[in-house]
Amino acid sequence: CITEGTARQKLSAIARSDYLTFAYQQFGHTRGPTVLFGQSLGDTDEHLVNVLARERGRTIAIAIYPGDSQQVIKEKARLLSLLPVSD
């Protein structure tokens, strides 16, 4: 698990690990519905956003930490801006 560093640093760490390289490649080849837990999809997760954004129409469920309704609405809007929306 890589939890710290920029997206570029995370990709570099992935490249140094056979296990993480395999997992990242499988993630990139997976099609269909996807569920994400524990990912903010912030700037340091750009490598994950790029993989998710490749397939238009993919159903993506993302766990959002509960907060007040305005925070949840803002977070949903942010996530929608990162990922492609089905036509």
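Is Asp45 buried or exposed? In this predicted model, Asp45 has a relative accessible area of 5% and is therefore buried, the cut-off for that class being under 20%. The side chain of Asp45 takes part in a salt bridge with Lys10, in which the closest N and O atoms are 3.1 Å apart. Asp45 belongs to the loop between strand E1 (34-36) and H3, whereas Lys10 belongs to helix H1, so the salt bridge ties together parts of the chain that are 35 residues apart in sequence. Lys10 is likewise assigned to the buried class because its relative accessible area is 5%. Leaving aside residues up to four places away in sequence, Lys10 touches Ile2, Thr3, Glu4, Gly5, Thr44, Asp45 and His47. The salt-bridge partner Asp45 is thus one of the residues in contact with Lys10.

Helix H1 spans residues 7-15, and Lys10 is one of its buried residues, together with Ala7, Ala13 and Ile14. Viewed down the axis of H1, these buried residues fall within an arc of 120°, so they line one face of the helix. The face turned away from the buried side of H1 carries Arg8 and Ala15, both exposed. Packing of the buried residues of H1 is against two helices, H2 (18-29) and H3 (46-53).

A search of the whole structure gives two salt bridges. Besides the pair formed by Asp45 and Lys10, a salt bridge is found between Glu75 and Arg78, with the closest N and O atoms 2.8 Å apart. Glu75 and Arg78 both lie in helix H4 (residues 69-82), where a spacing of three residues places them about one turn of the helix apart. Glu75 counts as partly exposed, at 22% relative accessibility. Arg78 also counts as partly exposed, at 28% relative accessibility. The salt bridge in H4 therefore joins two partly exposed residues, while the partners Asp45 and Lys10 are both buried.

Pockets were also examined. The largest pocket holds about 410 Å³ of space. Its lining comprises 15 residues, and those closest to the centre are Ile2, Ile14, Gln39, His47 and Leu48. Of these central residues, Ile14 is also listed among the buried residues of H1, and Ile2 and His47 are among the residues that Lys10 touches. Helices H1, H2 and H3 each supply at least two residues of this lining. H2 gives the most, with four residues. The helices against which the buried residues of H1 pack, H2 and H3, thus contribute to the lining of the largest pocket along with H1. By class, the lining of the largest pocket consists of eight nonpolar, five polar and two charged residues.

The second largest pocket contains about 260 Å³ of space. This pocket is lined by 15 residues, with Arg58, Ile60, Leu80, Leu83 and Pro84 lying nearest its centre. Strand E2 (60-62) and H4 are the elements that give two or more residues to the lining of the second largest pocket. H4 accounts for the largest share, three residues. Nine nonpolar, three polar and three charged residues make up the lining of the second largest pocket. Helix H4 thus contributes to this lining and also holds the salt bridge partners Glu75 and Arg78.

Methods. Residues numbered from 1 in each chain as written. Predicted model: local features only at pLDDT ≥ 70, side-chain atom pairs only at ≥ 80, totals over all residues. Heavy atoms only, no water. Buried < 20%, exposed > 50% of the residue type's maximum accessible area, 1.4 Å probe, protein only. Arc of directions from axis to C-beta. Contact = heavy atoms within 4.5 Å. Salt bridge = Lys/Arg side-chain N within 4 Å of Asp/Glu carboxyl O. 1 Å grid on protein atoms, 1.4 Å probe; cavity = no way out; pocket = protein on both sides within 12 Å on 5 of 7 lines; lining within 4 Å. Points joined across faces, edges and corners; volume = space filled by probe spheres on them. Nonpolar A, V, L, I, M, F, W, Y, C, P; charged D, E, K, R; others polar.
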